[in-house]
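Please open the structure in a viewer and follow the stops below in order. Each stop proposes a selection and describes what is found there.

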Amino acid sequence: MDKYKTGRPKKGLDVYTGFGDTTYHLKIEKIPTEVKAKGVSSQPWIRLFCKSRGMCSA
Amino acid sequence: MAEGSLKERPKERDPFGDKSFPCFVLNPSCSLKYIEYPCIYDKERDNLFRINEDTLNFLMKHQSIPKSSVTSPEMEKFLRFLFSEGLLLNSRKKVRERKFLVEEKYRPAIPSLRYLLVHLTLRCNLRCRHCYADASPQNSTDIPFSMINSIFNQMEEMQGLIVLLSGGEPLCYPHFWKMNDILPSYNLRFEILSNGTMINKNAAKRLNVHHVQVSIDGMEKSHDFMRGRGSFKKAIEGIENLIGADMEVSVSTMIHKKNVNEFDDIERMIEGYGINQWIINQPSVFGRWKDNSRLSVSLETAADIMRRYSRARGPHESKTNFTCGSHICTVLTDGKVFPCPFLNENDMLMGTIRDTGLRKAWKNRKGISIADLEECSSCEFLEKCRGGCRFRAKEYGNVCGRDPVVCSVYNKSLNKLNVNIKKK
């Protein structure tokens, strides 16, 4: 499924760490955007409609 | 080519190696928001990062991080990641803390409102045959400037990500440049949907937006047929000026009978400019296209072109059970809020900027659930297309029915689908 949605792997990090007097569980994940590549139909992006630059398909 | 493409971040040296920068600070183009989850949004590159509550609290508390205070390898790893993604910058000194509106009271109704299409004006220097807004040089309907401030403030408070400025031609809006001056003060990404013809070198440099979509509806003859004599050359000049000003540019093309054989030529042209986002669609029978729909091509032809040529980045991934419009709505020039510019009949009215406000209007949204699409329930592509466009489905008879254009894109036989191609 990911190949349709991103064309690239998800990026992120999940670490436990202390900083100052506090201990944190720091977690971050890059949210991919839907991508329509040239010549490919079976991607979510194709449900777009032009006027909102595709955002209406969100 | 890099011109006109999504901006790439240059590779940086070891962030901990340069002693002349003793601090990390949050990149001014990044802001902390709370949509369905806490997040960091980089408006410059349209990058969204999901974070957890601990990370939100950490970044709220530590917007300037002295490198000397980083002693744990895990913290160093984390900061290196933020730096590599451009969320942190090197700094010679601490910066003033920025305020982010992430408290509970600001959080939006779910699904979140992420994108907002704003019709600034129905003025336009062109009079295109397919304009759904019926914009023209004779139309002088504008959104009041006082409402613009209110819309942006409300969108920012609601944790919105992108405002799409449309019309009419946005540059014909009488307060456009006054509005342009205030855009950098918002934690929002701004994009313009333009015909490109008014973007001279000076305008391209002055624009405080992050992206401009320019309409190119064919090569010179067919574009001018749809949009008026001389408009092609001016639009191309606009694109060149934008690229010269290092603006991210995309192209939008409507398919019609005059340009149907020109897509290879258009592709060569836009690739020559290094533009890697090309949004292609079939005009909806709305506005002036109602009088010109004889210029429409068949659904199959449109679908084939869309499949072969279009390429772009769309919205950020989201898992909702709704059809199109889960995260977007539209403000028209009178301040009325609708799901989209096409679904603008009274029964679809969500509210107004002045009376209900954007937050309440968004709460009033009547989303259509994917489960409501009974005709699509057995379709293998439903998870990907999520029913396509609800306005087009409505045009073909049922707002909860099929969108035949998107069905065609997925190579579904319209005869088998028993879609009523003759519109009401």
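**A buried turn in chain B**

Select B:D46 to begin; this residue counts as buried, because 20 C-beta neighbours lie inside 10 Å and 20 or more is the cut-off for that class. The model in view is a predicted one. B:D46 sits in the loop of chain B that links strand 3 (38-42) to strand 4 (47-51). Its backbone deserves inspection as well: phi of B:D46 is near 55°, a positive value in a residue other than glycine.

**A second positive phi**

Move next to B:Q159, in the loop of chain B between helix 3 (145-157) and strand 8. Here too phi is positive in a residue other than glycine, with a value near 75°. Is B:Q159 buried or exposed? B:Q159 is buried, because 25 other C-beta atoms lie within 10 Å.

**Two cis peptide bonds**

Follow chain B onward from B:Q159 to the loop between strand 8 (162-166) and helix 4 (176-182), where B:G168 is found. The peptide bond to select runs from B:G167 to B:G168; this bond is cis, and its omega is near 25°.

Then select B:I110 and B:P111. The peptide bond from B:I110 to B:P111 is cis, with omega near 0°. B:P111 belongs to the loop of chain B between strand 6 (88-91) and strand 7 (115-119).

**Chain B as a whole**

Now select all of chain B and colour it by secondary structure. The chain has 15 helices and 16 strands. Along the principal axes, the C-alpha atoms of chain B fill a box of roughly 70 × 45 × 40 Å. How does the radius of gyration of chain B agree with that of a compact globule? A compact globule of 424 residues would have a radius of gyration near 22 Å, and the 23 Å of chain B therefore agrees with it.

Of the 424 residues in chain B, 48% count as buried. Consider also the contacts in chain B between residues at least 6 apart in sequence: 72% of them join residues at least 24 apart.

**Chain A**

Hide chain B for a moment and select chain A. Chain A contains one helix and three strands, and from the N terminus on these elements run α-β-β-β. Of the 58 residues in chain A, 47% count as buried. Among contacts in chain A with a separation of 6 or more, 29% are between residues 24 or more positions apart.

**Where the chains meet**

Show both chains again and select the residues in contact across them: 42 residues of chain A touch 56 residues of chain B. On the side of chain A that touches chain B, the elements giving two or more residues are helix 1 (2-5), strand 1 (12-19), strand 2 (22-31) and strand 3 (33-36) of chain A. Which element of chain A gives the most to this side? Strand 2 of chain A does, with eight residues. Coloured by class, the side of chain A that touches chain B shows 21 nonpolar, 11 polar and 10 charged residues.

**The strand pair between chains**

For the last stop, select strand 2 of chain A together with strand 4 of chain B. These two strands run antiparallel and are joined by four bridges. One place to centre the view is A:E29, whose bridge partner in strand 4 of chain B is B:R50. The tour thus returns to the region where it began, as strand 4 of chain B also borders the loop that holds B:D46.

Technical notes:
Residues are numbered from 1 along each chain as its sequence is written. Chains are lettered from A and ligands numbered from 1 in the order in which they are written. This is a predicted model: local features need pLDDT of at least 70, side-chain atom pairs count only at pLDDT 80 or more; totals for chains, interfaces and linings use all residues. The radius of gyration is taken over C-alpha atoms; the globule rule is 2.2 Å times the number of residues to the power 0.38. A residue is buried if 20 or more other C-beta atoms lie within 10 Å of its own, exposed if 12 or fewer, and partly exposed in between; C-beta atoms are placed from the backbone. Two residues are in contact if their C-beta atoms, placed from the backbone, lie within 7 Å. Ala, Val, Leu, Ile, Met, Phe, Trp, Tyr, Cys and Pro count as nonpolar, Asp, Glu, Lys and Arg as charged, and the others, Gly among them, as polar. Two strands pair if DSSP finds at least two bridges between them.
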